[in-house]
Amino acid sequence: MALTTLEPMAENNGLPAVLSIAGLDPSGGAGLLADLRVFAWMGMYGLGVITASTSQNTKEVKEIQPLSPRLVRSQLDILLDDVSPQAMKTGMLATAAIVEAVARAFANGKPGPLVVDPVIRSTGGFDLGGREVAEAIKKHLLPAADMVTPNLDEAEALTGIRVRTAADAERAARALTELGAASACITGGHFSGAPDEIAIIDGRLEIFRGARQGGDEQFHGSGCFFSAALACLLARGKRPAEAVSGAKALVQEAMSGAIKAGSGNRIPWLRSQLEPGKSKH
Ligand code: PLP
């Protein structure tokens, strides 16, 4: 990739940094490793605060070991004391206490926009935090979120609204903004019909139409990919609606180029590195 095509950034001596606060999936399909790969694809310098280790492969999650909330907070504090990311995202936070610790770190301001991907369960149904984490996100983290990106189940866990149709998703997205998120985007990959993203941005309904990739195939880490790409585009100064539409185009491209790292679900993969200065996204 031609690094010279990067647009100059005002801060960090031109270093375009994005931070992921997420769990470690050793298979690299989801979580921190996947986020850092997306950041690199998009020409960003990746920063990572780890919240939990998991034992998993591309087929199943076996076990989770969360870090102490104190250590998560200490990683954040020392990092942000020194480096100023242009955007941040949260992924799997694993426990309510970690959610609170992360939210408290941003109580007096954030270095850049925050995307909250409210991970509570794996695609295969493994509990990655569950109801307790959903409640904590709702209470503590949504007020700090510039954009929250739940799938249908996560939207239901956060709002209590059963989301099956676009009208349900609009209600749920609005409820999320009433709970404190500046904008909310319900990812539509699990809709039985078209995989449209339904968002409330600056109080307005926005629908991002999509075409299904891979039939009914489930991908490992598509939610992580979407929120990571969104954070990068916000870091590059895109407006929220442009960032959602760019991230959606990228995740669709990555799903159509998905790879098999193991024998389980395929992993979204971009066949070519992006040149952000020239990219259409
Ligand atoms: N492991 C970690 C660390 C994650 O962050 C996630 C999702 O965000 C998963 C596993 C589950 O990924 P998926 O549901 O896409 O298989």
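In this predicted model, nine strands make up an open sheet with mixed pairing. Reading across the sheet, the order is E3-E2-E1-E4-E5-E6-E7-E8-E9. Strand E3 (61-66) sits at one edge and strand E9 (204-208) is the other edge strand, each of them pairing on one side only. As a general reminder, strands of a sheet pair through backbone hydrogen bonds, and the pairing can be parallel or antiparallel. Both kinds turn up here, as the mixed pairing says.

Take the antiparallel kind to begin with. E2 and E3 run antiparallel and are held together by five bridges. These two strands form a hairpin, with four residues between them. One of the pairings in this hairpin can be pinned to particular residues: serine 55 has glutamate 63, in E3, as its bridge partner. E3 is also one of the edge strands, so to speak of its pairing is to speak of one side only, as set out by the sheet layout.

For the parallel kind, there is strand E5 (residues 114-116) alongside strand E6 (residues 147-148). Two bridges join this pair. Here valine 116 stands opposite valine 148 in E6.

A helix packs onto this part of the story as well. Helix H2 (residues 69-80) lies across strand E1 (17-24) and strand E2 (45-56). Relative to E2, H2 runs at about 170 degrees. E2 thus appears both in the hairpin with E3 and under the helix H2 contact.

Turning to the ligand, 13 residues surround it, and the ones that come nearest are Gln56, Thr123, His220, Gly221 and Cys224. Sorted by class, the shell around the ligand holds six nonpolar and seven polar residues, with no charged ones. Three of the nearest residues reach the ligand with polar side-chain atoms. For glutamine 56, such an atom lies 2.8 Å from a nitrogen atom of the ligand. Threonine 123 places a polar side-chain atom 2.6 Å from an oxygen atom of the ligand, and for histidine 220 the distance from a polar side-chain atom to a ligand oxygen atom is 2.6 Å. How much of the ligand does the protein bury? Taken alone, the ligand exposes 400 Å², and 92% of that is buried by the protein.

Conventions:
Residues numbered from 1 in each chain as written. Predicted model: local features only at pLDDT ≥ 70, side-chain atom pairs only at ≥ 80, totals over all residues. Heavy atoms only, no water. Near = heavy atom within 4 Å. Polar contact = N/O pair within 3.5 Å; in protein donor to acceptor, adjacent residues only side chain to side chain. Areas by Shrake-Rupley, 256 points an atom, 1.4 Å probe, with all protein chains shown as cover. Nonpolar A, V, L, I, M, F, W, Y, C, P; charged D, E, K, R; others polar. Contact = heavy atoms within 4.5 Å. Axes fitted to C-alpha atoms, helices over the stretch in contact; angles between N-to-C directions.
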